[in-house]
Number of protein chains: 2
Amino acid sequence: MSTADLGLPVDVPSTALFTDRYELTMLQAALKSGAAHRRSVFEAFTRRLPEGRRYGVVAGTGRVLDAVENFRFDTPVLDYLEREGVVDAETLEWLAGYRFRGDIWGYPEGEVYFPGSPILRVEGTFAEAVLLETVVLSILNHDSAIAAAASRMAVAAGGRPLMEMGARRTHELAAVAASRAAYIGGFASSSNLAAGFRYGLPTIGTSAHAFTLLHDTERDAFTAQVESLGRTTTLLVDTYDVAAAVRTAVDVAGTDLGAVRIDSGDLLLLAHRVRQQLDDLGAKDTRIVVTSDLDEYAIASLAAAPVDAYGVGTSLVTGSGHPTCAMVYKLVARATSDDPRAPLLPVAKKSLGGKTSIGGRKWAARRLDEDGIAEAEVIGSGPVPPDLTDHQLLAHLVHNGEIIGREPLDTARTRHLTARAGLPLSATQLSRGEPVLPTEFA
Amino acid sequence: MSTADLGLPVDVPSTALFTDRYELTMLQAALKSGAAHRRSVFEAFTRRLPEGRRYGVVAGTGRVLDAVENFRFDTPVLDYLEREGVVDAETLEWLAGYRFRGDIWGYPEGEVYFPGSPILRVEGTFAEAVLLETVVLSILNHDSAIAAAASRMAVAAGGRPLMEMGARRTHELAAVAASRAAYIGGFASSSNLAAGFRYGLPTIGTSAHAFTLLHDTERDAFTAQVESLGRTTTLLVDTYDVAAAVRTAVDVAGTDLGAVRIDSGDLLLLAHRVRQQLDDLGAKDTRIVVTSDLDEYAIASLAAAPVDAYGVGTSLVTGSGHPTCAMVYKLVARATSDDPRAPLLPVAKKSLGGKTSIGGRKWAARRLDEDGIAEAEVIGSGPVPPDLTDHQLLAHLVHNGEIIGREPLDTARTRHLTARAGLPLSATQLSRGEPVLPTEFA
């Protein structure tokens, strides 16, 4: 994949500067000490789920693969690092030839995860693996936070479609990644054209209050919209008086009107009233779309209301109270010398104030009960017990620097549905609780 | 400014797709009805501050100007819109020639704001101004949220330097904007190399626990780091035993050691102990840097501790509990016809459930008391009262499509210090409260 294929609206010539300065200074010092070439294993994991959440959702893996492929130090970047004195000449020369040539294993995208799950395992020399820390965590922490919120909203929405409309509430490029993650978590579409362009997501949207206010009357506005976009469009009915607007809408578009959208007020009450009014007017197939600061709880509270689709913005793109996942990227094993055949030694920071890590290159598996429902997330660094070999979670994503784990977005979306359906029923309770699976260290 | 000057690591060929689909469908319908060419005024404002906050901080204005300049529909974008059937041929043709040719006024970057403050005012035809909604809000909502958190942390830190280290906790490009906004809010530096490259911010960082774990002993790691980075480096002392590490650090680097960093545990207790130990070892000028899930409250709690600098990550890049600002972009006035001389009519959505807007093209001024301290944010759409003409807040940023409001980042940073200092003293209380200035509609 060339960088040009990464697509508009943003062409990423290199991802190498999405990096904390200390990665490069560590590299310099390790090149000098010689330890830089020791075979090393880093793992990305989280010590806890956001408070009250029952499961996490892996998202961003596909973007991580793009970032790894495009992680290289071009001349403008090297010039910058030299000019600023970030690293010395020897390190610059090493960086000029940098390509990740190691291996990456990870939970496939859309899979669920729990505290301690080794979501991504990066293996290579210390030098090549340490450099990926920041960009790997940026992507996984952001995208997984959004996907987790999306998944809860999808549960709350039952079978009704969810539309992602949060671009205006988050950084303009975070918004594109958020649309992607929301799709994995179960959203049907996005208002974000950049997400449509970049990831082929279905896009939606018709009009805002400004369009009604621009015209001399609401009738003028509805007429203009229907003439241009057709009778199946969605008319926004809460600029002035909802009941009057619904009357005008059906009068202008006829009973074939596609949908009406309500963006303010008591949505539960309004949805019932508008449904009744539409039915009375003969517009029995006209759908009702609601969009007003919805989150999973508001969506759940509308379960019994005659609502056909939900548009969600702020709470989705901010992870519904948890905009990041607290994933860390830790050295868990390294060779005892720079001999490629040297054995791996498990390593871990000593616990101080709860920042626990468990050393060793790990496998992970999900143990099922006799009904085939998950009962534990099992993690270990020794041999995999025979009963778990078929239930392992880590997939091989990069082999000797070559990306082998790319897949269509719909694969991740379907995987998430399957993974969530395999959890105990209490996983989909919206109320606060403990992680629905215990993590066992074998 | 050419798009190439926008800089690595991200070259933005066009910002036009950072747009919700409904902007384009509204455009199409308005082109058809003819209303698209009515002169229009849109304003970005927020109905409330995040709960408990005393003031908001405007950030992102400079990025908005870049986005406006690069908002154009190139061939790949037009092809996409055609392929997906987003808009019709007439609209595509109009988009192909699109450049924003109107005027933009706004609160200058770094200024403080309050509920109702018209932070940005975009004037042009409906067609040209409506298209900017999403990208304007994405930038202002994100960047202002970070700057507000940064400002509170800067207040809590007193004169001690703050280092931004949050890249790994947010989207990789949101991280770059976050570093920029944090600088405006009062941070001194960033770990993010992309932010250094793109915005010239000072970058910092030396090593992580992985570097210590990579070596056979902590002494080996410290020796490698000091040999490579010099005695003035910062050594991370909490991988194993802090007291032993501090002893080793001074033994290896001598009493000229630049700093030690503590990244876990009881920072208040450890800072005191480490300071005592460093002093006892003769390393009286060795500084202590702390970095462990700090927010403004944790920083404030360390005010009496012998800490020389703070590194802040998660809580900064997530806006310390408020990752977005709830700014909206509303049509507040429009001409009664497409005659350029037609008068402007104030417009506003009817209130339903608190989504209040006040129509009319607005000015804003900050009224001072007799001591020169701000006492009210005054907003109006009629003539500016004579006593307020010298205290107006809106600066002219774009004139007939030409960007005239660019300024160095340090200007915004200094402006924020001045603006905050001009607020009543209670503005800088960390505790929850009401906005420190009332908003008055004249």
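Me: How do strands β10 and β11 of chain B pair, parallel or antiparallel?

Reply: Start with the general idea: strands of a sheet pair through backbone hydrogen bonds, and the sense is either parallel or antiparallel. In this predicted model, strand β10 (residues 287-290) of chain B and strand β11 (residues 309-312) of chain B run parallel, with 2 bridges between them. If you want a spot to click on, take B:Val289, whose bridge partner in β11(B) is B:Ala309.

Me: And on the other side, how many bridges link β9(B) and β10(B)?

Reply: Strand β9 (residues 259-262) of chain B pairs with β10(B) over 4 bridges, in the parallel sense. Look for B:Ala259, which has B:Arg287 as its bridge partner in β10(B). To get from β9(B) to β10(B), the chain passes through helix α12 (residues 267-280) of chain B, and this β-α-β crossover is right-handed. The step from β10(B) to β11(B) goes through helix α13 (residues 296-301) of chain B, and that crossover is right-handed too.

Me: What is the strand order of the open sheet in chain B, and which strands sit at its edges?

Reply: Reading across, the 6 strands go β7-β6-β11-β10-β9-β8 in chain B, with parallel pairing. The edges are β7 (189-190) and β8 (234-236) of chain B, each of which pairs on one side only.

Me: Let's try an antiparallel case. Which strands does β1(A) pair with?

Reply: Strand β1 (residues 39-46) of chain A has antiparallel partners: 6 bridges join β1(A) to strand β5 (residues 120-125) of chain A, and 7 bridges join β1(A) to β12(A). For landmarks, A:Arg39 is opposite A:Thr125 in β5(A), while A:Phe42 is opposite A:Leu331 in β12(A).

Me: How many residues of β1(A) are buried?

Reply: As background, in a regular strand the side chains alternate between the two faces of the sheet. Here β1(A) is mostly covered, with 7 of its 8 residues buried.

Me: Now a helix. Why do the buried residues of α3(A) line one face?

Reply: The general idea is that an α-helix has 3.6 residues a turn, so residues three or four places apart point the same way. In helix α3 (residues 75-83) of chain A, the buried residues are A:Val77, A:Leu78, A:Tyr80 and A:Leu81. Looking down the axis of α3(A), you find these buried residues within an arc of 160°, so they line one face of the helix. On the other side of α3(A), A:Thr75, A:Glu82 and A:Arg83 are exposed.

Me: What do the buried residues of α3(A) pack against, and what follows the helix?

Reply: They pack against α1 (21-33) and α4 (89-96) of chain A, together with α8 (193-199) of chain B. After α3(A) comes A:Gly85, with a positive phi near 65°.

Me: Which residues have the most contacts inside the largest nonpolar core?

Reply: In soluble globular proteins, nonpolar side chains tend to be buried together. The largest nonpolar core here has 274 residues, and those with the most contacts inside it are A:Phe73, A:Leu81, A:Tyr310, B:Phe73, B:Leu81 and B:Tyr310. Click on A:Phe73: leaving aside neighbours within four places in sequence, its contacts include A:Ala16, A:Leu24, A:Leu81 and A:Leu131.

Me: How many residues of each chain are in contact across the interface, and how much area is buried there?

Reply: 103 residues of chain A are in contact with 103 residues of chain B. The two chains bury about 8700 Å² between them, with 62% of it on carbon and sulfur atoms. In chain A, the residues losing the most area to chain B are A:Arg168, A:Leu193 and A:Leu214, together 10% of what that side buries.

Me: Last one: where are A:Ala326 and B:Ser320, and is each buried or partly exposed?

Reply: A:Ala326 is in the loop between α14 (314-317) and β12 (327-335) of chain A. Its phi is near 60°, a positive value in a residue other than glycine. A:Ala326 has 22% relative accessibility, so it counts as partly exposed. B:Ser320 lies in the loop between α14 (314-317) and β12 (327-335) of chain B, and its phi is positive, about 45°, although it is not a glycine. With the cut-off for buried at under 20%, B:Ser320 counts as buried because its relative accessibility is 15%.

Note on methods:
Residues are numbered from 1 along each chain as its sequence is written. Chains are lettered from A and ligands numbered from 1 in the order in which they are written. This is a predicted model: local features need pLDDT of at least 70, side-chain atom pairs count only at pLDDT 80 or more; totals for chains, interfaces and linings use all residues. Side-chain values use heavy atoms; hydrogens and water are left out. Two strands pair if DSSP finds at least two bridges between them. A nonpolar core is a set of buried Ala, Val, Leu, Ile, Met, Phe, Trp, Tyr and Cys residues joined through side-chain atoms within 4.5 Å. Buried means under 20% relative accessible area, exposed over 50%, partly exposed in between (1.4 Å probe, protein chains only). Contact means heavy atoms within 4.5 Å. A crossover is right-handed if, with the strands pointing away from the viewer, the path from the first strand over the helix to the second runs clockwise. The arc is that of the directions from the helix axis to the C-beta atoms. Buried area is the accessible area (1.4 Å probe) that two parts lose on being put together, summed over both.
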